[in-house]
Structure formats: structure tokens, C-alpha cells
Amino acid sequence: MTGRTHDAAAITLLGIILVAHPLTNITLATAVVGFIANQIGGIAPDIDQPTAPFWRNLPAEGLLGKFVGKLLGGHRFLTHSLLGAGLLAYAGHWLLVVLQPIMPRVDINAVWWAFVIGVASHLIMDTFTKEGVPWLLPIPVKFGFPPVKALRITTGKIVEVALIFPGLILLDIYLVATHYNAIVSFIHTHVGS
Ligand SMILES: [Zn+2]
């Protein structure tokens, strides 16, 4: 899956979970930082890929990305497993605890969940691709859905670009439209005069 599909999937899964478990009394700072953390979580597992958005803009032409990729066992390896997701969640929590003093109005617990939901959405989405995902590492088996490889998605090709990505955006629009009043009242409470 491409980075933008992962970002759309991350916010979609977060939206679905928020609809099921609405948060009351979160600050605007928590909402903003939570959104950013969710989007970072949505692409974080691809740090094992030298061409990931993370590395592309760094100097040395992705050399660092290649190094980290090798360290993590290559693409679709450690960071694309439950074990790796757990490590990312642990690292994310550590970083949030370190950052908490400079963002006192942010509920780091809610932000951490937004990040973890982003990471989870990544593994779920990659499961629908031809390569599959080694969910149960160190057991070196890649799982995909549907089980028949030919029926799965090829990254960046027509099904993803013309169906999956627009489908996620439509779902997001639907979620916003059906919870419009709640969103407006949240904005009024925190941003309005
Ligand atoms: Zn991936």
C-alpha cells in the first residue's frame, strides 16, 4: 500500500473506533497531537523500506533508510508483525512520556491509542496485498487475505488507487457527515469564542 492509503486507513480506523467509543472532554491539543500520532502510526511500519516517506527527504539519498531497513530485516519483516507493532507501541509510549512536560494539556494516553490504532491499520491494510504480512514473527510465515494470492491487491496499482483509497475517503466523509453535530460542537467549545 502507498503512504497516502495508509494515512487514509489510519484515520478511518481511528474514526470508526471513536464512533464506537466516543471520548468526552478531550482538549483541542489532545485532538491535534492525536491526529498527528495516528498518521505517523499509519506509516511507521514502513521505516523498514528505504523508499518510505520518512527516509526519502533525508540527505545521503536514503542511505540511512537502507541501513535501518537492513537492521530491521528488510521490507515487510519485523515492523510488520505483532512483535514489531508491540515494539513500536513501546517506543511511542516512551517518546510521549519524554515529550509530556512540553505538552501539559495533551492526554498522552489518548494520543498513544491513536498511534497504536494507526500502526494496527497499517498491518491490516498490508494483509490485503500480494506480499502479505508476517503477523506471527519469529514464525516466518506471511499471511494474506484473501488466502488466494491472485485475489489480493498490488501496491500502487488500479485497485488501490481507484477503489481502496477513494473508498476510504468516502467512508471518512460518511463518518464526518453522520457525526457532524458532535464535531461542530467540539470545535465550538474549543476554538469558538
Ligand atoms: Zn507496510
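Two residues are in contact here if their C-beta atoms, placed from the backbone, lie within 7 Å. Keep that in mind for the views below, which show a predicted model.

**Figure 1. The whole protein chain is built from helices, with zero strands.** Welcome to the overview! Eight helices make up the secondary structure, and reading along the sequence gives the pattern α-α-α-α-α-α-α-α. The C-alpha atoms fill a box of roughly 50 × 35 × 30 Å along the principal axes. A compact globule of 193 residues would have a radius of gyration near 16 Å, so the 18 Å of this chain agrees with that expectation. Buried residues account for 30% of the 193 residues. Of the contacts with a separation of 6 or more, 69% join residues that are 24 or more positions apart.

**Figure 2. Helix 1 meets helix 6 at an oblique angle.** Two packed helices are described by the angle between their axes and the distance between the axes. Here helix 1 (residues 3–20) and helix 6 (residues 108–127) have axes that come within 8 Å and cross at roughly 120°. That angle makes helix 1 oblique to helix 6, and the crossing is right-handed. On the helix 1 side, look for Thr5, His6, Ala9, Ala10, Leu13, Leu14 and Ile17; their partners in helix 6 are Ala114, Ile117, Gly118, Ala120, Ser121, His122 and Met125. Sorted by character, the residues of this contact are nine nonpolar, five polar and no charged.

**Figure 3. A closer look at Ala120, a residue of helix 6.** Is Ala120 buried or exposed? Ala120 has 21 other C-beta atoms within 10 Å, so it counts as buried, the cut-off being 20 or more. Setting aside neighbours within four places in sequence, Ala120 is in contact with Leu13 and Ala85. Trp94 lies 26 residues from Ala120 in sequence, and their C-alpha atoms are 18 Å apart in space.

**Figure 4. Helix 1 runs roughly parallel to helix 7.** The axes of helix 1 and helix 7 (residues 158–178) come within 9 Å and cross at roughly 30°. Angles under 35 degrees count as roughly parallel, which means that helix 1 is roughly parallel to helix 7. Helix 1 passes helix 7 in a left-handed crossing. Helix 1 contributes Arg4, Thr5, Ala8, Ala9, Ile11, Thr12, Gly15 and Val19 to the contact, while helix 7 brings Glu160, Ile164, Phe165, Leu168, Ile169, Leu171, Asp172 and Leu175. Together, the residues of this contact divide into ten nonpolar, three polar and three charged.

Key: Residues are numbered from 1 along each chain as its sequence is written. This is a predicted model: local features need pLDDT of at least 70, side-chain atom pairs count only at pLDDT 80 or more; totals for chains, interfaces and linings use all residues. Helices (H or I, at least four residues) and strands (E, at least two) are DSSP runs, numbered from the N terminus. The radius of gyration is taken over C-alpha atoms; the globule rule is 2.2 Å times the number of residues to the power 0.38. A residue is buried if 20 or more other C-beta atoms lie within 10 Å of its own, exposed if 12 or fewer, and partly exposed in between; C-beta atoms are placed from the backbone. Axes are lines fitted to C-alpha atoms, for helices over the stretch in contact, and angles run from 0 to 180 degrees between N-to-C directions. Angles under 35 degrees count as roughly parallel, over 145 as roughly antiparallel, 65 to 115 as roughly perpendicular and the rest as oblique. A crossing is left-handed if the near helix is turned anticlockwise from the far one by less than a right angle, and right-handed if clockwise. Ala, Val, Leu, Ile, Met, Phe, Trp, Tyr, Cys and Pro count as nonpolar, Asp, Glu, Lys and Arg as charged, and the others, Gly among them, as polar.
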